[in-house]
Structures are given as structure tokens and as C-alpha cells.
Amino acid sequence: MSRFIEGQSRTQSTLFPEVLDDYIHEDNPIRAVDMFINSLDLSELGFARCQPAKTGRPSYSPATMLKIYLYGYLNRIQSSRRLEKETQRNVELMWLVERLTPDFKTIADFRRDNGNAIQQVCKRFVLICRELNMFTDAIVAIDGTKFKAVNNIAKNYSRGLIKTCIETTEKDIANYLMELDRADRQSRTEDAEKVKGKLAKLQARLVSEKTIQQELETLPDKQISYTDPDSRRMALKHKGVLVGYNIQAAVDTKHHLILAHYVTNNPSDRHQLVPMSQHVQQALGKQDITILADRGYDDSTSFKTVHQAGVTAIVPKIRTSANRKKGLFTKEDFVYNKEKDVYECPAGKDIPFSFVSTDKGKPLRAYMSVMTCKGCTMKSRCTTSPAGRRIRRLDDEEHVERVAQAYKNMPNAMTLRHQTVEHPFGTIKQWAGTQQLLTRTLKHVKTEVSLQVLAYNFKRMMNIMDVSGLISAMKT
């Protein structure tokens with residue numbers, strides 16, 4: 001007799017056939033998926049073919065296809081070919097879609113043709129979370145991260161890069177021409193033929209590179225990607241570059257749910273504060289919100305816009321002055337007096353307004369201390385310039401000062417921001433694996449990211465409320 005636990009014989013017959021529902025426990029997450037999608041009005045959300053045609057071959061219901069995708073992204077199965085296989089062998093998915101087995105092309109076409117509707121489903125789930133009082137604090141952290149596109153870095157060119165490529169190719173051609181001359185002088189016929197073959201390939205490459213150079217001059221951002229035309233070269237935070245997209249996300253600090261997200265091919269976060277704050281206000285249904293962001297969002301024009309919209313922004317300032325390292329006073333040590341339109345220096349003297357200049361299109365008011373600094377005992381700690389201290393003030397400086405004051409009032413803001421927004425990014429990237437995006441062009445990438453965000457939020461809610469709690473909440 002065997003001492004191991006023995007399984008049931010594969011040829012054993014049963015009196016009654018087994019019911020598929022018996023394999024799915026009451027607390028199985030796919031029951032929440034089924035409940036959520038069945039509760040949606042897919043026609044209202046914009047899905048195509050919600051009403052079946054009276055003639056022709058019957059199509060799959062949009063609800064069925066959406067269940068397949070949400071199940072796939074919840075279980076780190078994003079590929080349409082892998083999803084096709086899962087419908088044929090995965091008992092959970094068989095239960096969810098009632099044993100239907102659409103082919104991979106049908107699955108892929110659904111995601112391609114219903115991008116806007118899928119994004120609306122993601123927003124609808126955020127609305128459900130809001131109705132369940134998940135966002136009572138109205139404090140969110142925002143950040144951007146780079147997702148790798150379906151575009152090899154070798155298939156991306158910028159004006160500087162193609163210039164370097166052309167110079168390198170021209171040098172290689174010159175070297176091979178010299179080698180060809182040596183082979184001809186020494187009557188090395190076989191070597192000469194090999195060199196001619198390599199030379200022909202290099203000349204063809206040069207023609208191709210010059211064609212790319214001419215094409216780049218016609219583009220506004222002087223950059224081109226050949227596999228995914230919307231993807232762009234982006235520098236990573238620590239080192240290296242990738243060709244991809246900048247994914248912006250706003251995360252609730254209480255439950256770490258993604259309130260809103262935004263996909264752009266602009267590598268910089270500098271001007272993303274305004275659109276992200278608008279998305280958050282729309283998701284929360286209120287204007288009075290607090291947003292935590294890192295130094296990458298430091299922009300006076302954006303601060304002015306969000307303040308006028310009722311947003312409290314907490315962003316650390318980018319410090320570009322080297323005075324602090326030199327032991328000199330910085331701009332923060334000077335106090336602006338709005339009534340007198342002067343800056344009060346640490347010595348208690350006034351630095352008056354002098355003239356107006358511009359910097360990158362922004363007007364700057366300059367305050368000069370030529371007369372004030374004469375005979376001052378603290379001048380050595382203030383400036384090394386013989387002309388005295390100069391302070392520049394933006395037209396939007398009051399909004400910069402307001403953000404700085406908010407940052408001082410919340411000393412743990414950046415720690416809270418880091419603990420909040422980095423968690424979803426890390427989780428989604430781990431789910432996606434090394435090939436982070438499967439679709440091409442900005443339009444389809446937005447759809448794919450919405451599916452990733454929907455899956456993350458869904459799993460997060462199941463962790464917060466458990467499956468049975470979420471099902472009960474959606475029923476009510």
C-alpha cells in the first residue's frame with residue numbers, strides 16, 4: 001500500500017456529471033469580476049456591437065470579451081494569444097465566460113476597437129470606489145514613470161543621434177576605401193572583392209541615414225520612432241534611456257487606489273500638474289483637493305493655474321543656486337514686502353525694484369542693492385559681486401511662495417508621496433514584466449494602461465473589502 005496521497009483515476013466515471021459552478025468557491029475573485037461587468041451598461045459606455053445584428057454570424061458579447069481582459073490583467077496574462085489558450089484550459093475562465101473560446105484575433109480586435117469604452121470602464125470603477133467613501137481625505141500623490149514601448153532603441157532617431165551615425169558611417173567608408181586601394185596595389189583580388197561588398201552595404205546605409213536626417217527636419221520635435229511612431233526617447237531617473245511613454249498617475253494616500261491616470265509621450269513632468277489636477281477633480285467630484293508632487297512638477301505657471309482652480313499643491317522647490325554651499329544667503333533668506341515692493345535683506349535693509357527683464361519668455365522683476373550694500377557689515381555673507389546683491393522675482397512668485405509655505409506646513413509630505421505613488425507603479429510594472437507595453441501608438445497604449453489600472457484598482461479593493469464585501473457593495 002502506498003504511503004502517498006493518491007489521486008482519483010482519470011478513467012473513473014461518476015453517476016452525475018460535475019457542475020462547473022462547483023469548482024468556483026464563493027469567495028473566488030472571478031465572482032466579483034462577473035458581478036462588476038454584468039452591472040455595467042456597456043452600450044452607454046460606448047462599446048460596439050452591444051445589440052446583436054439580425055443577420056450574419058453571431059458575434060461575442062462585449063461583456064464576455066471584457067471579462068476575458070479583466071481576468072487576464074488580474075492574473076498577469078495580457079497577450080491575446082495566451083488569453084485564447086486560457087479560455088480552453090483554465091477552469092476559472094471557462095466559468096467566467098461560460099465555456100466560450102474566442103480566437104486571439106477576436107480578443108485583440110476587441111481591445112483595439114473599444115479603446116475609449118474600456119477607458120470609461122476604468123473611470124466607472126473609480127466612481128464606484130468614490131460612492132463607497134474610499135476618497136474621503138481628498139489628498140492625492142502624483143508622479144510619472146516611464147513604460148517601455150514596443151520600439152527598440154535602435155529604431156529611434158533624433159537629430160543629434162543621426163548626425164553621429166552619419167559621421168561614423170562616413171569614417172567607415174573612408175577606411176574601407178583606403179583598404180580597397182591597398183588591396184588593388186598589392187593585387188589581392190579576393191580581399192578587394194570582400195571590401196567592395198562591405199563598402200556597398202555601408203554606402204546603402206549612408207543613403208538610408210541621410211534620408212532619415214531629411215525626414216527628421218520636417219518633424220516638430222526632431223525625433224522619429226519606426227516601430228511605434230508615437231513613442232519617444234526618455235531619460236531614466238538614475239541612468240540610461242528607453243523609448244516609451246510617460247505614465248502619470250494620481251494615487252489616494254489613504255487606500256492607495258489610482259484615482260486618475262494620464263498617458264503622454266512628453267518625457268518631462270514639468271507641465272503635467274495642471275492636467276493631472278483636472279483629472280483628479282473630475283474623479284473626486286470636488287474642487288478643493290490637495291496634491292503632493294515631487295520637484296519635477298516645479299513650475300510657477302502651473303501653480304498659478306491650479307491655485308485658481310482650488311487646488312492646494314505641495315511641491316518642493318528645485319534649488320539651482322550654489323550660494324548655500326558657498327556659505328552665502330539664498331533667496332529664501334530675503335523677505336518680500338508687497339506693499340513697498342521691496343525685498344528686506346537679513347541686515348534689515350530694503351532692496352528696491354530696479355528693472356524688468358525676461359527669461360525663457362517669462363517676465364522677471366529685478367531688485368538691485370547697489371546703494372544698500374555699501375558699508376554693510378554682512379555683505380561678505382550676502383554676495384561676492386561688487387555691484388551688490390540682485391534678486392529676481394517672477395510675476396507668479398506669490399504662487400511659488402504659497403506652494404513653499406504649504407510644503408513647510410506639511411514636513412512629511414514627500415515621505416507620504418513616495419510611500420503612496422511608488423507602490424502602484426512598482427506593482428503594475430511587476431505584473432507587466434520586462435515587456436511593459438504590448439500595443440503601439442498613443443491611442444492603443446492609453447487603452448492598455450487603463451486595463452492595467454482597472455486590474456490594479458480591482459485587486460486593491462478586494463484586498464481592502466475582501467471579495468464577498470465587494471460583491472455585496474456592488475449589489476447595493
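Me: Two strands pair if DSSP finds at least two bridges between them; how do you know that E12 and E13 meet that rule?

Reply: This is a predicted model, in which local features need pLDDT of at least 70 and side-chain atom pairs count only at pLDDT 80 or more, while totals for chains, interfaces and linings use all residues. Residues are numbered from 1 along each chain as its sequence is written, and side-chain values use heavy atoms, with hydrogens and water left out. E12 and E13 are joined by five bridges in the antiparallel sense, so they count as paired under the rule of at least two. Within this pairing, methionine 368 stands opposite arginine 390 in E13.

Me: What makes E11 and E12 a pair, and which residue of their hairpin has a positive phi?

Reply: Strand E12 (residues 362-368) pairs with E11 over six bridges, running antiparallel, and threonine 358 faces proline 363 in E12. The hairpin has two residues between the strands, and lysine 360 takes the positive phi, near 55 degrees.

Me: Why are E9 and E13 said to stand at the edges of the sheet?

Reply: The open sheet has five strands (E, DSSP runs of at least two residues, numbered from the N terminus) in the order E9-E10-E11-E12-E13, with antiparallel pairing. Strand E9 (335-337) and strand E13 (390-394) each have a single partner strand, so one side of each is left without a neighbour in the sheet. From one strand to the next the twist averages 40 degrees.

Me: What makes H14 a helix that packs on this sheet?

Reply: Helix H14 (residues 397-409) qualifies as a helix because its run reaches the minimum of at least four residues (H or I). H14 touches E9, E10 and E13, where contact means heavy atoms within 4.5 Å. Its direction makes about 95 degrees with that of E13, on a scale from 0 to 180 degrees between N-to-C directions of lines fitted to C-alpha atoms, for helices over the stretch in contact.

Me: How do you know which element gives the most to the lining of the second largest pocket?

Reply: H14 gives the most, with eight residues, and the lining has 22 residues, with Lys317, Glu332, Glu401, Ala404 and Lys408 nearest the pocket's centre. A residue counts as lining if it has an atom within 4 Å of a point of the pocket, which is an open set on a 1 Å grid over the protein atoms alone, where a 1.4 Å probe fits and protein lies on both sides within 12 Å along at least five of seven lines. E9 and H14 each supply at least two lining residues.
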